Amino acid sequence: MDNKLFLSWKWVDEQLNNIGENLETCPELEFIAGIPRGGLIPAVMMSHAFGIKYISYSSAKMLPRDLKKKTLVIDDISDTGKTLAEADDEGFLTASLALRSGSKTIPNFAGETINDDRWLVFPWEKLDSIPMQDYLVNQD
């Protein structure tokens, strides 16, 4: 399908390294959490690569405000910005592997900016994935 961009594990590693290089600005970073589902794999990968303790997003949301400021919440993409806006409102540092130009929420750290509307297929997703965000699916 022409409307999809298939991303590789190499691309994911490059974005994590780009984000990781900028984490020097956060020397007190204590935790990393991933937004389910897209941010889980990048969060675990980043935790291993940079020696940051991983905690679940639901556990991170229960942290006191001072520890939330020391927690990086990552997602695969900031597309509309809706998902990362919640994390931002909670007081977390935020990151995304990809940032869609036009996203209403800009994470503190981002990998590549995507300037078109192709559906991104991450390497952990099925190649025939349906281009629809979870929060837009009608769950009657």
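In this predicted model, four residues of helix α2 are buried: Pro42, Ala43, Met46 and Ser47. They lie on the same side of α2, because the arc they cover around the axis is only 135 degrees. His48 and Ala49 sit on the other side of α2 and are exposed. The cover over the buried residues of α2 includes α1, β2, β3, β4 and β5. After α2 comes Gly51, with a positive phi near 65 degrees.

**The sheet beside α2**

An open sheet is formed by five strands, ordered β3-β2-β4-β5-β6, and the pairing is parallel. Its edge strands, β3 (53-54) and β6, each pair on one side only. Helix α2 packs on this sheet and touches β2, β3, β4 and β5. The direction of α2 makes about 155 degrees with that of β2. In general, strands of a sheet pair through backbone hydrogen bonds, either parallel or antiparallel. For β5 and β6, the pairing is in the parallel sense, over five bridges. Arg100 stands opposite Ile114, a residue of β6.

The loop between β2 (31-34) and α2 contains Arg37. The peptide bond leading from Pro36 into Arg37 is cis, with omega near 0 degrees.

**The nonpolar cores**

The largest nonpolar core has 23 residues, and the members that touch the most others are Met46, Leu72, Ile74 and Leu97. Two or more residues each are given to this core by α1, α2 (40-50), β4 (71-78), β5 (93-100) and β6 (109-114). Apart from this core lies another, of eleven residues, including Phe31, Ile55, Leu63 and Ala87. In soluble globular proteins, nonpolar side chains tend to be buried together.

Two residues show how these parts of the chain meet. Leu16 belongs to helix α1 (residues 9-22). Is Leu16 buried or exposed? Leu16 is buried, because its relative accessible area is 4%, under the 20% cut-off for a buried residue. Beyond its neighbours within four places in sequence, Leu16 is in contact with Pro42, Met45, Met46, Phe50, Ile74 and Leu97. Leu16 and Ala49 are 33 residues apart along the chain, and their C-alpha atoms are separated by 8.8 Å.

Leu72 is in contact with Leu23, Leu29, Phe31, Ile32, Ala33, Met46, Leu93, Thr94, Ala95 and Phe109, again leaving aside neighbours within four places in sequence. Met46 is thus listed among the contacts of Leu72 and among those of Leu16. Met46 is also one of the buried residues of α2.

**The protein as a whole**

The secondary structure comes to five helices and seven strands. From the N terminus on, these elements run β-α-β-α-β-α-α-β-α-β-β-β. Some totals are listed below.

| Property of the protein | Value |
|---|---|
| Buried residues, out of 140 residues | 44% |
| Contacts joining residues at least 24 apart, among contacts between residues at least 6 apart in sequence | 53% |
| Exposed area | about 8,000 Å² |
| Exposed area supplied by carbon and sulfur atoms | 51% |

To return to α2: its buried residues include Met46, and Met46 is among the members of the largest nonpolar core that touch the most other members. The exposed residues His48 and Ala49 are on the other side of α2.

Terms used: Residues are numbered from 1 along each chain as its sequence is written. This is a predicted model: local features need pLDDT of at least 70, side-chain atom pairs count only at pLDDT 80 or more; totals for chains, interfaces and linings use all residues. Side-chain values use heavy atoms; hydrogens and water are left out. Buried means under 20% relative accessible area, exposed over 50%, partly exposed in between (1.4 Å probe, protein chains only). Contact means heavy atoms within 4.5 Å. A nonpolar core is a set of buried Ala, Val, Leu, Ile, Met, Phe, Trp, Tyr and Cys residues joined through side-chain atoms within 4.5 Å. Accessible areas come from the Shrake-Rupley method with a 1.4 Å probe; for residues, only the protein chains shown count as cover. Two strands pair if DSSP finds at least two bridges between them. Axes are lines fitted to C-alpha atoms, for helices over the stretch in contact, and angles run from 0 to 180 degrees between N-to-C directions. The arc is that of the directions from the helix axis to the C-beta atoms.
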